[in-house]
Amino acid sequence: MSEIFKIANRLSYIKATENPLSADVGIFEGDEFCWIFDVGADESVPTSLSEIKKPKNAVISHFHPDHMGNLEYVDFREVYLGANTFKYAKRGTVVSEDIFIDDGEKIHVFPLPSSHAKGSLGMEIGEFAFLGDATYATMKQGRVCYNASVLKEEIAVLKNLSAKFFLISHDEKFIRPKEEILAELEEIYSKRDPKESFIWI
Ligand SMILES: [Zn+2]
């Protein structure tokens with residue numbers, strides 16, 4: 001069993017692990033459904049989620065196995081994902097624009113431009129926004145980099161969120177102030193070379 005940590009009223013999470021590599025799993029208890037943001041890959045996660053008796057829906061941040069590996073081991077009524085993630089999961093509802101669902105609180109699921117993974121999604125509930133790995137860089141020719149125009153779009157989407165805290169998968173702190181994350185991303189963006197598509201880190 002994985003331990004479930006409380007974030008706020010109705011909101012909790014299971015911490016990421018490194019061995020096996022498994023992402024943080026967000027849990028929101030709505031009136032009707034329990035909403036799971038990323039399902040991880042650690043085999044103890046489905047056992048912990050099975051303790052929750054409400055029917056479950058999943059939102060998958062992106063296609064990497066540490067975020068969606070457990071998809072087939074948990075019974076979900078509905079799975080929301082980006083078009084690129086759908087190619088790997090082969091099931092679910094593709095989210096290509098912002099959606100708002102009222103389930104006790106307003107759930108906002110939104111496409112999030114990301115250098116790390118094409119077709120990433122975020123999920124915002126009240127003061128908190130789950131971002132998965134979307135704020136991370138990617139690798140190109142063995143080097144760490146951001147796509148400059150994608151990063152610009154990502155910063156714009158993140159600025160527009162009303163959440164005060166961003167939940168960053170695999171980050172030791174996990175729950176971080178929105179302003180801190182935005183400052184880091186803007187610092188990276190400021191280092192771009194206008195003649196280059198990529199910002200090398
Ligand atoms: Zn990833």
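This report describes a predicted model of a protein chain with a zinc ion.

## Overall fold

The protein chain has 201 residues, and 51% of them are buried. Its secondary structure consists of five helices and 18 strands. The radius of gyration is 16 Å, close to the 17 Å that the globule rule gives for 201 residues, so the chain is as compact as a globular protein of that length.

Taken along the principal axes, the box filled by the C-alpha atoms is roughly 55 × 30 × 30 Å.

## The zinc site

The zinc ion has four donor atoms. Three of the coordinating residues are histidines, namely His62 through NE2, His64 through ND1 and His116 through NE2, and Asp133 coordinates through OD. The distances run from 2.2 to 2.3 Å. Along the chain, the donors follow the spacing H-x1-H-x51-H-x16-D. His62 belongs to the loop between strand S7 (56–59) and helix H2 (65–68), while Asp133 belongs to the loop between strand S13 (128–132) and strand S14 (138–140), so this pair ties together parts that are 71 residues apart in sequence. His62 and Asp133 are both buried.

What is the geometry of the site of the zinc ion, given the angles among its four donor atoms? The angles span 85 to 176°, and the site is irregular. The tetrahedral class requires all angles to lie between 85 and 135 degrees, so the upper value of 176° rules that class out. In general, the ideal angle for four tetrahedral donors is 109.5 degrees.

## Pocket and cavity

Rolling a probe the size of a water molecule over the atoms shows where empty space is left. The largest pocket holds about 190 Å³ of space. Its lining includes Tyr13, Lys15, Ala16, Thr17, Glu18, Leu21 and Asp24. His170, Asp171, Glu172 and Phe174 also line this pocket. By residue class, the lining of the largest pocket divides into five charged, four nonpolar and two polar residues.

How many cavities of 30 Å³ or more does a search of the whole structure find? The search finds one. The space in the largest cavity is about 30 Å³. Its lining is formed by Asp24, Phe37, Asp38, Phe130, Gly132, Leu167, Ser169 and Phe174. Of these lining residues, four are nonpolar, two polar and two charged. Asp24 and Phe174 appear in the lining of the largest pocket and also in that of the largest cavity.

## Backbone features

Most residues other than glycine have a negative phi, and most peptide bonds are trans. The peptide bond from Asn19 to Pro20, however, is cis, with omega near 5°. Pro20 sits in the loop between strand S3 (17–18) and strand S4 (21–22).

Lys90 has a phi near 55°, a positive value in a residue other than glycine. Its place is the loop between helix H3 (83–89) and strand S9 (93–94). Phe174 also has a positive phi, near 60°, and is located in the loop between strand S16 (165–168) and strand S17 (175–177). Are these two residues buried or exposed? Lys90 counts as exposed because its relative accessibility is 65%, over the 50% cut-off. Phe174, at 3% relative accessibility, counts as buried because this value is under 20%.

## Further residues in strands and loops

Asn57 is part of strand S7 and is buried, with a relative accessible area of 3%. Asn57 and Ile36 are 21 residues apart along the chain, and their C-alpha atoms are separated by 6.2 Å.

Lys140 lies in strand S14. It counts as partly exposed, at 32% relative accessibility. A distance of 20 Å separates the C-alpha atoms of Lys140 and Asp66, which are 74 residues apart along the chain. Gly142 is found in the loop between S14 and strand S15 (143–147), and with 63% relative accessibility it counts as exposed. Gly142 and Met68 are 74 residues apart in sequence, and C-alpha to C-alpha they are 25 Å apart in space.

Terms used
Residues numbered from 1 in each chain as written. Predicted model: local features only at pLDDT ≥ 70, side-chain atom pairs only at ≥ 80, totals over all residues. Heavy atoms only, no water. 1 Å grid on protein atoms, 1.4 Å probe; cavity = no way out; pocket = protein on both sides within 12 Å on 5 of 7 lines; lining within 4 Å. Points joined across faces, edges and corners; volume = space filled by probe spheres on them. Nonpolar A, V, L, I, M, F, W, Y, C, P; charged D, E, K, R; others polar. Donors = N, O, S within 2.8 Å, 3.2 Å for Na, K, Ca; no water. Tetrahedral: all angles 85-135°; square planar, octahedral: opposite > 155°, others 65-115°. Helix = DSSP H or I, 4+ residues; strand = E, 2+ residues; numbered from the N terminus. Buried < 20%, exposed > 50% of the residue type's maximum accessible area, 1.4 Å probe, protein only. Rg over C-alpha atoms; globule rule 2.2 N^0.38 Å.
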